[in-house]
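I opened the notebook to record what I looked up, entry by entry. The order follows my own reading.

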Amino acid sequence: MKKIVILGGGYGGVLTAKKLAKKFKNDKDVEIKLIDRNPYHTLLTELHEVSANRAPEDSIKIDLKKIFAGLKVDVVLDEISNIDFKGKKLKSDKATYAYDYLVIGTGSKPTFFGIPGAEENTFSFWSYDDAVALKRQIRDMYTKAAKEKNAAVRRSMLTFVIIGAGFTGVELVGEMAEQREELCKEFFIDPSEVRLIVADMAPKILPILPDKLIQKAEAHLRKLKVEIVTGAKITEVGTGSVALGEKNIVDAQTIVWTAGVEGSELVGTLDVQQQGRKRIVTDAHLESVDHKNVYVVGDNIFYIPEGEERPVPQMVENAEQAAPVIANNITADIKGTAKKAYKPGFHGTMVSIGSRYGVANVGLPGKFFMLTGFMAMLSKHFINMFYLSQVVGFNKVWTYMMHEFFHVENRKSFVGGYFSKRSPNFWLVPLRMLLGGMWLYEGIDKLRKIWKDPSNIFLIPAPAHLTDAASSASVAVDAVKDTVDAQSAASAVTTAKEAVEALWVPGWIYDITHWFMKLMFYNSDGTAYTFLAKWFQIGMVCAEIVFGAMLIVGLFTAISSIATIAMAVMIWSTKMASTEMLWYVGAAIACIGGSGSVFGLDYYVLPWLKKQWKRIPLVRRWYLFTD
């Protein structure tokens with residue numbers, strides 16, 4: 001039995017475990033274990049959204065058991081305190097874990113560069129707990145300031161300093177700037193009293209971006225009334241104050257540290273060669289240069305690719321690209337095949353400044369494009385969803401879309417508030433029942449006429465031998481209206497003709513429809529209907545009755561609404577749809593989203609089906625469910 005242990009449930013650890021599980025899914029001689037002290041994987045790139053209350057707290061957590069449901073990965077909750085490389089064992093206070101292959105992915109922690117008081121007097125911002133603690137601190141400061149009579153104390157409560165103007169610091173201060181208006185309105189505070197400062201010892205913010213994007217980012221921060229302090233030597237952080245240079249002492253009760261990271265506490269104690277703030281030195285295969293069968297993933301990697309001057313960056317895409325290489329190389333070790341060298345090709349970086357604006361430098365290696373505003377945010381969301389699709393598939397992508405696009409308050413979305421407005425579904429109940437009643441009536445009326453004379457066809461245009469519009473319309477009218485006298489027949493012909501010509505259909509669409517009709521529903525000489533035509537008509541009539549009834553009782557409303565749209569489109573493509581069909585389609589679109597959950601059977605049926613659905617192994621394995 002080969003034992004593979006992945007230490008750490010961060011981006012790199014999770015993806016490596018999933019890749020290995022896929023490679024060894026049918027191999028009973030390989031055991032895969034992932035160890036982490038938390039039962040969840042944290043989306044570190046979204047911490048700022050929770051701190052500024054744009055997204056719910058649980059939106060940045062993913063249950064590790066959910067991630068590996070149905071996969072050959074054993075999730076163990078424990079905190080490893082030591083690694084014995086010679087004995088190939090990991091040790092904690094309560095257990096010892098043997099391994100044949102080890103992947104170290106314990107991530108990073110904040111580094112304070114030895115600045116006095118920095119660690120003790122600032123809020124760190126590198127974990128789920130950090131984000132939640134800061135969220136509560138921000139609200140607590142507004143709450144207390146609203147009651148504070150002392151002007152100096154009130155000012156310090158409403159001053160927020162973010163130390164570090166890299167991606168994390170800029171994203172955080174951007175979110176806080178957008179939140180300021182909401183909190184000031186809630187607590188009756190003048191927004192001019194709230195001071196937001198982002199400071200860095202570097203000469204400019206976001207230093208790895210092109211200067212043009214840096215200028216755009218600075219302009220937007222100033223528009224949000226954020227103070228930018230660069231080239232400031234942080235000399236000391238006191239209790240309730242920070243020295244941004246020798247003479248600039250800022251009183252603030254909320255100081256957040258985002259100025260840099262180093263390897264985790266465990267990595268700092270290991271007997272391995274380290275460089276660059278406690279990162280483990282690896283070879284091209286991402287294997288430790290000191291210990292065979294020990295691989296490193298994510299932020300813990302210190303490796304300089306061939307032709308490069310700097311080590312791979314500590315960013316999510318590095319973990320995404322390293323994971324499959326490590327999984328391949330461990331597989332190669334076990335099966336005796338060739339290993340692969342790590343040759344990363346990064347696709348750029350992006351930063352959001354609030355919910356609606358961002359800057360990005362993205363593209364292919366050697367060919368990058370600068371994006372701002374809407375396009376930058378679109379690229380950020382697309383990349384986030386791509387990552388989530390690898391981790392928890394449809395389930396988390398759906399959740400992400402809900403809290404980023406659709407369930408967003410105060411228009412805090414890059415698409416504004418157009419998709420995030422929510423109205424009570426009970427207002428749609430009359431429309432749903434009317435729509436269902438109309439389809440049910442149409443179906444029953446047609447069924448009665450089919451029962452009377454099954455030979456008549458009226459849902460399919462007449463065969464080719466009826467070439468003129470009037471005679472074609474008269475066939476339809478004869479089938480639909482059962483005309484008694486010549487005068488009413490002539491009137492019906494005119495009405496049918498107008499109905500057929502009411503809605504315009506592009507020629508190429510009608511040509512396709514006509515070709516299909518000729519192939520399936522007409523005899524080769526075009527003089528009569530085929531047997532299939534009659535059954536198609538009966539099927540359409542039954543569908544009108546069934547979906548109409550389902551809409552009335554509110555059962556599978558979304559499916560029924562979409563089905564009626566499809567039927568309407570089919571009728572329209574044959575040039576037989578009147579303008580009334582537009583109403584049918586519009587009403588069906590309105591009823592797709594949850595109208596059956598109020599005064600409908602969906603309220604009872606869908607939750608029950610959801611429970612049964614989630615129990616299916618294949619569904620859990622591919623995350624084909626929503627929470």
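Entry on Thr349. I asked first whether Thr349 is buried or exposed in this predicted model. Its relative accessibility is 13%, and since anything under 20% falls in the buried class, Thr349 counts as buried. I located Thr349 in strand β24, which covers residues 348-352. Leaving out residues up to four places away in sequence, I found that Thr349 touches Phe167, Ile208, Leu209, Met315, Ala360, Asn361 and Val362.

Entry on His291. I then turned to His291, which sits in the loop between β21 (279-281) and β22 (294-296). Although His291 lies in a loop, its relative accessibility is 16%, so His291 counts as buried. With residues up to four places away in sequence set aside, the contacts I noted for His291 are Phe85, Asp271 and Val272. I also looked up a pair involving His291 and Lys534, which are 243 residues apart along the chain, and their C-alpha atoms are separated by 75 Å.

Entry on backbone angles. I kept in mind that most residues other than glycine have a negative phi. Phe113, which is not a glycine, has a positive phi of about 55°, and I placed Phe113 in the loop between β10 (108-110) and α4 (118-121). The relative accessible area of Phe113 is 40%, so I entered Phe113 as partly exposed. Lys225 is not a glycine either, and its phi is positive at about 65°; Lys225 belongs to the loop between α8 (211-223) and β14 (226-229). At 62% relative accessibility, which is over the 50% limit, Lys225 counts as exposed.

Entry on cysteines. How many disulfides does the count come to? Taking a pair of cysteine sulfur atoms within 2.5 Å as the criterion, I recorded 0 disulfides. I looked up the accessibility of Cys184 and Cys542 as well: Cys184 has 3% relative accessibility and therefore counts as buried, whereas Cys542, with a relative accessible area of 37%, is partly exposed.

Entry on α17 and α18. I next took the pair formed by helix α17 (residues 557-573) and α18, whose axes come within 9 Å and cross at roughly 155°. Because angles over 145 degrees fall in that class, α17 is roughly antiparallel to α18. I noted the crossing of α17 and α18 as left-handed. On the α17 side, the contact is made by Thr557, Ser561, Thr564, Ile565, Ala568 and Ile571, and on the α18 side by Met581, Val585, Ala588, Ile589 and Cys591. Sorted by class, the contact of α17 with α18 has 8 nonpolar residues, 3 polar ones and no charged ones.

Entry on α12 and α18. I finished with helix α12 (residues 429-452) and helix α18 (residues 580-591), whose axes come within 10 Å and cross at roughly 135°. The two helices, α12 and α18, are therefore oblique to each other, and α12 passes α18 in a left-handed crossing. From α12, I listed Leu431, Arg432, Leu434, Leu435, Met438, Trp439 and Glu442, which meet Glu580, Trp583, Tyr584, Ala587, Ala588, Ala590 and Cys591 in α18. The residues of the contact of α12 with α18 divide into 11 nonpolar, no polar and 3 charged. Ala588 and Cys591 of α18 appear in the contact with α12, and I had also entered Ala588 and Cys591 in the contact with α17.

How values were computed:
Residues numbered from 1 in each chain as written. Predicted model: local features only at pLDDT ≥ 70, side-chain atom pairs only at ≥ 80, totals over all residues. Heavy atoms only, no water. Axes fitted to C-alpha atoms, helices over the stretch in contact; angles between N-to-C directions. Helix = DSSP H or I, 4+ residues; strand = E, 2+ residues; numbered from the N terminus. Parallel < 35°, antiparallel > 145°, perpendicular 65-115°, else oblique. Left-handed = near helix turned anticlockwise from the far one by under 90°. Contact = heavy atoms within 4.5 Å. Nonpolar A, V, L, I, M, F, W, Y, C, P; charged D, E, K, R; others polar. Buried < 20%, exposed > 50% of the residue type's maximum accessible area, 1.4 Å probe, protein only.
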